[in-house]
Amino acid sequence: MRVLINGLAAAGARTGVGHYTAELARALPETASVGDQAVCFQPDWARQLKHGWAWLRGWLAPARATQVVAGPPRVTLKSRLLDTAKQVGLRFYRQRFAAMARSGFDLYHEPNFIPLPCDLPTVTTVLDLSVLLHPQWHPADRVRDFERRFAPALRQCVHVLTIADFGRREVIDSLGIPAERVSRAYMGVRHGFAPLPADQVAAQVAALGLPPRYLLHVGTIEPRKNLLTLMRAYADLPAVVRERCPLVLVGGWGWNSAEVHEFLQSTGCERHIVHMGYLPEHTLPAVYNAARALVFPTHYEGFGMPVIEMFACGGAVLASTAGAVAEVANGVAHLIDPADEGGWRDAMQRIILDDDWHARLCIGGPAIARRFTWEACARDTWQAYHRALTTVGSQTASRAA
């Protein structure tokens with residue numbers, strides 16, 4: 001079996017789906033059985049096109065500190081130029097991808113929700129269904145685009161992959177796809193996330209301008225992450241507690257982040273809340289290691305990667321009760337309802353002051369993290385590929401009969 005993977009999401013600066021695509025594409029060849037081959041379509045010119053478009057976007061529409069509230073973006077001459085450049089690049093990419101797909105492949109895997117038009121049997125990964133089930137957490141134009149394109153593209157797919165059992169149940173229940181056509185393959189922990197020597201950690205966080213001890217949140221600033229609840233709860237702590245352990249936010253500004261920005265400016269900065277913005281990937285293991293605890297109050301996730309990354313680094317986690325997060329935390333993290341502001345305040349105060357409780361929360365994390373490897377993800381994905389082709393064979397035999 002030869003499988004073609006669309007690697008476009010892994011080109012350029014990587015978000016969650018980019019890391020998923022890159023790590024899976026690396027691990028699949030390493031776990032392939034005899035006769036199986038996985039090829040990731042990510043030519044150098046595609047990376048250059050994506051970098052070029054990012055440069056053009058930065059030149060025509062420089063990033064602002066915060067994003068606008070809900071609603072479609074304002075159409076301007078610059079936005080039209082950006083959209084035209086993007087569509088021309090995507091059209092060229094689709095043509096080259098289609099040509100590659102015709103060169104002896106048996107299956108196409110799209111890691112990023114909506115597959116490209118392709119005659120091959122198709123497997124797609126649905127990382128979460130938040131755009132469909134919780135549209136209030138996404139820009140209106142993104143929701144409309146997803147609603148327009150996702151359902152028709154899904155009809156092209158013979159099998160669907162999810163990254164947690166929670167997401168698998170949502171796909172089965174919400175999309176009506178038969179259970180035998182939906183498989184779960186957990187994501188893994190990236191290389192480098194592990195307990196590090198104290199002197200190395202201290203040097204790296206000092207170079208970043210971070211305090212020696214802090215509570216940590218990692219993720220793009222957007223409504224789904226529930227950061228206003230977290231910041232209000234933290235700001236309500238006694239001053240002596242906040243002085244002992246600031247709250248550090250790592251992640252870029254996302255959609256509809258104006259309220260978070262306003263709170264930071266009016267209240268957060270003077271109450272020891274620090275926004276670091278997007279940090280280079282190679283710095284994150286040290287940033288996790290130095291944190292007193294990860295605080296992760298998200299409303300909804302497809303997996304909850306920061307939780308597993310903190311576990312891998314040997315740290316304590318305060319996380320929300322959101323379905324996929326509770327699943328991967330597996331009873332080790334301290335879970336709090338995302339709407340319980342008082343519960344978050346009390347838990348943060350306790351994790352800062354109570355060394356015994358902190359030590360207990362650190363105990364089980366590394367063992368949990370060791371269960372989540374990209375090699376295991378790849379093996380589960382290979383199984384899904386074989387099930388997908390079995391389904392295709394059964395459908396062909398039924399039509400012939």
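User: Let me start with a pairing I want to read properly: in strand 8, which residue is the bridge partner of H217?

Analyst: Happy to help, and keep in mind that this is a predicted model. The bridge partner of H217 in strand 8 is L249. The bridge belongs to a wider pairing: strand 7 (residues 215-218) and strand 8 (residues 247-250) run parallel and are joined over 4 bridges.

User: What is the strand order of the open sheet that holds these two strands?

Analyst: The order is 9-8-7-10-11-12, which makes 6 strands with parallel pairing. At the edges sit strand 9 (273-277) and strand 12 (334-336), each of which pairs on one side only. From one strand to the next, the twist averages 25°.

User: Which helix packs on that sheet, and which strands does this helix touch?

Analyst: Helix 15 (residues 355-363) packs there, in contact with strand 11 (316-320) and strand 12. The direction of helix 15 makes about 80° with that of strand 11.

User: Now the other sheet, please. What order do the strands 1 to 6 take?

Analyst: They form an open sheet in the order 2-1-3-4-5-6, and the pairing is parallel. Strand 2 (37-41) and strand 6 (182-184) are the edge strands, each with pairing on one side only. The twist averages 25° from one strand to the next. Looking inside the sheet, strand 1 (residues 2-6) and strand 3 (residues 107-110) run parallel and are joined by 3 bridges. One pair to find in the viewer is I5 with its bridge partner H109 in strand 3.

User: Which strands does helix 1 touch where it packs on the sheet?

Analyst: Helix 1 (residues 16-31) touches strand 1, strand 2, strand 3, strand 4 (122-125) and strand 5 (157-162), and its direction makes about 150° with that of strand 2. Helix 6 (residues 165-175) also packs on the sheet, touching strand 5 and strand 6, with its direction at about 170° to that of strand 6.

User: Let's turn to helix pairs. What describes two packed helices?

Analyst: The general idea is to give the angle between their axes and the distance between the axes. Take helix 8 (residues 227-235) and helix 14 (residues 341-353): they pack at an angle of about 55°, with their axes 8 Å apart. That angle makes helix 8 oblique to helix 14. Their crossing is right-handed. In the contact, T229, L230, R232, A233 and Y234 of helix 8 meet E341, W344, R345 and M348 of helix 14. By class, there are 5 nonpolar, 1 polar and 3 charged residues.

User: At what angle do helix 8 and helix 10 cross?

Analyst: The axes of helix 8 and helix 10 (residues 258-268) cross at roughly 15° and come within 10 Å. Angles under 35 degrees count as roughly parallel, so helix 8 and helix 10 are roughly parallel to each other. The crossing here is left-handed. L227, L228, M231, R232 and A235 in helix 8 meet E259, V260, F263, L264 and T267 in helix 10. The residues of this contact divide into 7 nonpolar, 1 polar and 2 charged.

User: And how far apart are the axes of helix 14 and helix 15?

Analyst: Their axes are 6 Å apart, and the two helices pack at an angle of about 95°. That makes helix 14 roughly perpendicular to helix 15. A347, R350, I351 and L353 of helix 14 make the contact with D355, W357, H358, R360 and L361 of helix 15. This contact has 5 nonpolar, 1 polar and 3 charged residues.

Notes: Residues are numbered from 1 along each chain as its sequence is written. This is a predicted model: local features need pLDDT of at least 70, side-chain atom pairs count only at pLDDT 80 or more; totals for chains, interfaces and linings use all residues. Side-chain values use heavy atoms; hydrogens and water are left out. Two strands pair if DSSP finds at least two bridges between them. Axes are lines fitted to C-alpha atoms, for helices over the stretch in contact, and angles run from 0 to 180 degrees between N-to-C directions. Contact means heavy atoms within 4.5 Å. Angles under 35 degrees count as roughly parallel, over 145 as roughly antiparallel, 65 to 115 as roughly perpendicular and the rest as oblique. A crossing is left-handed if the near helix is turned anticlockwise from the far one by less than a right angle, and right-handed if clockwise. Ala, Val, Leu, Ile, Met, Phe, Trp, Tyr, Cys and Pro count as nonpolar, Asp, Glu, Lys and Arg as charged, and the others, Gly among them, as polar.
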